[in-house]
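Student: Could you take me through one part of this model up close, and then show me how its rings and backbone oddities fit in? I'd like one connected answer rather than a list.

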Amino acid sequence: MSINYQERTGIITIETLHTMYQMRVDENGFLQHLYYGKRFSADDMTYLYPGYDRPCSGNPDEAYPSRMVSFNVFPQEYTGYGIGDFRINSLAVRNADGSYGADFRYVSHETGKGKYGLSGLPASYGTEEEAETLVVRIQDPVTKLKAELLYGIFAEKDIITRAVRIKNEGQQSVILDRALSMSLDIPFGKWDLIHFHGRHALERQTEREQLTHLVKKVESKRGTSSHQENPFIILCDRNAGEDHGACYGFMLVYSGGFTAEAELDQFDSARIVMGIQDDQFAWSLEPGGTFETPEVILTFTDEGFTGLSHRFHKIIRHNICRGKYQFAQRPVLLNNWEATYLDFTDEKLLALADEAAALGIDMLVLDDGWFGERNTDDRSLGDWFVNEKKIRCGLKSLVEQINAKGLKFGIWMEPEMINENSELYRLHPDWAFAMPGRIPTRTRSQLVLDLSRSEVVDYLYDRIEPLLRENNIEYLKWDMNRSLSDVYSATLPPERQGEVLHRYVLGIYDLMDRITTNFPDLLLEGCSGGGGRFDAGILYYSPQIWCSDDTDPIERLNIQYGTSFGYPVSTVGAHVSASPNHQTGRTTPIHTRAVVAMSGTFGYELDPGKLTAQEKDQIREQLRLFRKHYDLIQGGLLYRLTAIQEDTYEAWQFAAEDKSEALLNVVVTAPRANRPLINIRLKGLEPDGIYELTDESDGYYMAVPSEPPVKEWKKLFTGGALMFGGYTLPNVWGDYPAFQLHFRRIDG
Ligand code: DGJ
């Protein structure tokens, strides 16, 4: 058991392989946070926080007349509200009598094997062997509002999850104006905050800044987790790097608007809170009612970002993603979007299928434009019946013909959206979000369906279900191309409009749950104008998410780099597209595009009919290599070997956990005359092991003409040589060359 309770001292200690978490029920019944960090022989950490009489910091009645105890100072597991803690709070409550207050005391706790679940919300899952649960109950003695603090412990993975179940056990309703998932106080240290900001076509850019006495807020108010910020942050030592330094990671398992806030208080103690965005949030909790917050996944390591990322990669792959394709080899697909956009017919699609089959691709995905009268992107969202002017043979026949060529078939939908120019809108105009008396803001000419209404969710399921049942559709790309505005539900009373945004997210999860439960073999790929909803909530239903609408490989290096801090390669939708690239106009070698896309789910998004015979041969070789190294790429340990944009090349590597092989990837991002040698130190190898090199990129880059090719260089290396001396690349020539070097251990 990783959870230990000492009745004498009131101390609850959670231990994982390398971390320890401690809290205490103090003599007044307050639940005090004591420690989260590196594991050592469990000790009572109360000594860290001697009481002080702090001026301008109030004292709770239980401690009175002592002035040594103050909520405004001491570390807490979950804050109350309105009772003298003036730091960022995890909860805001309006009581029936009009007071703003919640004041919790410890009630009880219990432990159990296995992992708690949340109703209607995605959460990490685990067997009784791999996970345990701690529930600590605290309650306000006056209003009887109870908070059950949930802790899920994955001891071997060094992961602790947190969520809160708020119950109204009083006689009167209360309104939750803020109900966050966790609060963590870290009283000592100097910290940096890393967050992942961006925009459409440039998601998850890494930004690091000092934590100061200002409240730093990483948030999305868009009703989705968003392109602009990601619900994942890192708090790290000022000097932390890839291989060293204390780091905490916080990832919210939620796909709607979120907030992550951090500050240093007046005594330099850090507090971090995370949960649902509270702007336009107000949840009425009736007597007997329960509100469950989404889950936060936490980890701590004192070994830098690489170790932190490995832990998130593991928990997501093993305990968030589910279904047939959690570990099974996923199909390599050809998506027609950048090949045809909305301009296609069944003939064109069948021609693409012929090309795909001849190359050895596994699946053809039919993107936007197959339904209603969708010849332009201002119409027909909501009309999920096939456009027989474009697909004259009908969908069933198209799928059959594609299957007959040896290809699987996948399709695109954007279920949450509606165009005013659609049959659905003409029938149900009130199904779209709109505030009374106002014309809602359009984005890409579309409005958002009110998925907080169960009849809307039912309608969507009733459209999607026959489509999937009647046609052999093995993959569904679930797109979502706008942020939410004008949020107002026609069926909820005025005082409950603050529930709509969260109910909308619950509606999405309900729909995704029904689809994945009833079509367990379907591969879902999440998408939101690229990577605008790249979060662990969506990954619970779909093991991969289209990472960005920017398919330029050089820009993708940046995007995939930031994404890799929290999310494993197996979740990153990435394709080889045409050159010049459609987003940037940049020209790159097809080999380089493939090296970058292979650090993802891998696929193509171009018209193979426009490629040369030589490029087609390259594609066949790319498919061979991707399949050959599939397990290493998808399940191996990822090492970021360069910090993004620090040099004229980017390097990253996959290493098998048993150190039996590694794949080094390098993209040279700028040509240089008389360039210094590029030397890269590998990681995660056995120092005394002997490794044999295969240059998988042989022939696909140009060495400076006077130099011998790599294959004539050294072939065998010790792991130590590669890790401490590094590997020196040949001096390359031309635009954006890329290397893929495989090292296989040949001794022992
Ligand atoms: C946005 C997606 O990210 C693209 O891949 C494509 O599916 C378009 N939508 C289609 O409208």
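Tutor: Let's start with one helix and then follow the aromatic rings and the backbone from there. Keep in mind that this is a predicted model.

The part to zoom in on is helix α7, residues 500-518. At 1.5 Å a residue, its 19 residues should span 27 Å, and the end C-alpha atoms are indeed 27 Å apart, so the expected and modelled lengths agree. Plenty of α7 is tucked away: the buried residues include Val-500, Leu-501, Tyr-504, Val-505, Ile-508, Leu-511, Met-512 and Ile-515. It helps to remember that an α-helix has 3.6 residues a turn, so residues three or four places apart point the same way. His-502, Gly-507, Tyr-509 and Thr-516 are also among the buried residues of α7.

Now for the rings. A search of the whole structure turns up 39 aromatic pairs. One of them is Phe-30 with Phe-71, an edge-to-face pair at 4.8 Å centre to centre with 65° between the planes. Phe-30 sits in the loop between β3 and β4 while Phe-71 sits in the loop between β4 and β5, so to speak a link between distant parts of the chain, 41 residues apart. Phe-30 is buried, at a relative accessible area of 1%, and Phe-71 is buried too, at 6%.

Back at our helix, Tyr-504 pairs with Phe-433: their ring centres are 5.8 Å apart and the planes meet at 45°, so this pair counts as tilted. Phe-433 belongs to the loop between α5 and β25 and Tyr-504 to α7, so the pair ties together parts 71 residues apart in sequence. Tyr-504 has 0% relative accessibility and is therefore buried; Phe-433, at 2%, counts as buried as well.

Elsewhere, Phe-196, Phe-232, Phe-305, Phe-312, Phe-534, Tyr-561, Phe-565 and Tyr-567 form one aromatic cluster. Rings also meet charges: Arg-54 lies over the face of Phe-267, 3.9 Å from the ring centre, and the charged end of Arg-322 sits over the ring of Tyr-540, 3.6 Å from its centre.

Last, the backbone. The peptide bond between Tyr-64 and Pro-65 is cis, with omega about 10°, and Pro-65 is in the loop between β4 and β5. Ser-579 to Pro-580 is another cis bond, with omega near 0°. Tyr-341 isn't a glycine, yet its phi is positive, near 50°; you'll find Tyr-341 in the loop between α2 and α3, and at 31% relative accessibility it counts as partly exposed.

Notes: Residues are numbered from 1 along each chain as its sequence is written. This is a predicted model: local features need pLDDT of at least 70, side-chain atom pairs count only at pLDDT 80 or more; totals for chains, interfaces and linings use all residues. Side-chain values use heavy atoms; hydrogens and water are left out. Helices (H or I, at least four residues) and strands (E, at least two) are DSSP runs, numbered from the N terminus. The expected span of a helix is 1.5 Å times one less than its number of residues. Buried means under 20% relative accessible area, exposed over 50%, partly exposed in between (1.4 Å probe, protein chains only). Rings of Phe, Tyr and Trp (its six-membered ring) pair if their centres lie within 6.5 Å; planes under 30 degrees apart count as stacked, over 60 as edge-to-face and the rest as tilted. A charge sits over a ring if NZ of Lys or CZ of Arg is within 6 Å of the ring centre and within 35 degrees of the ring normal.
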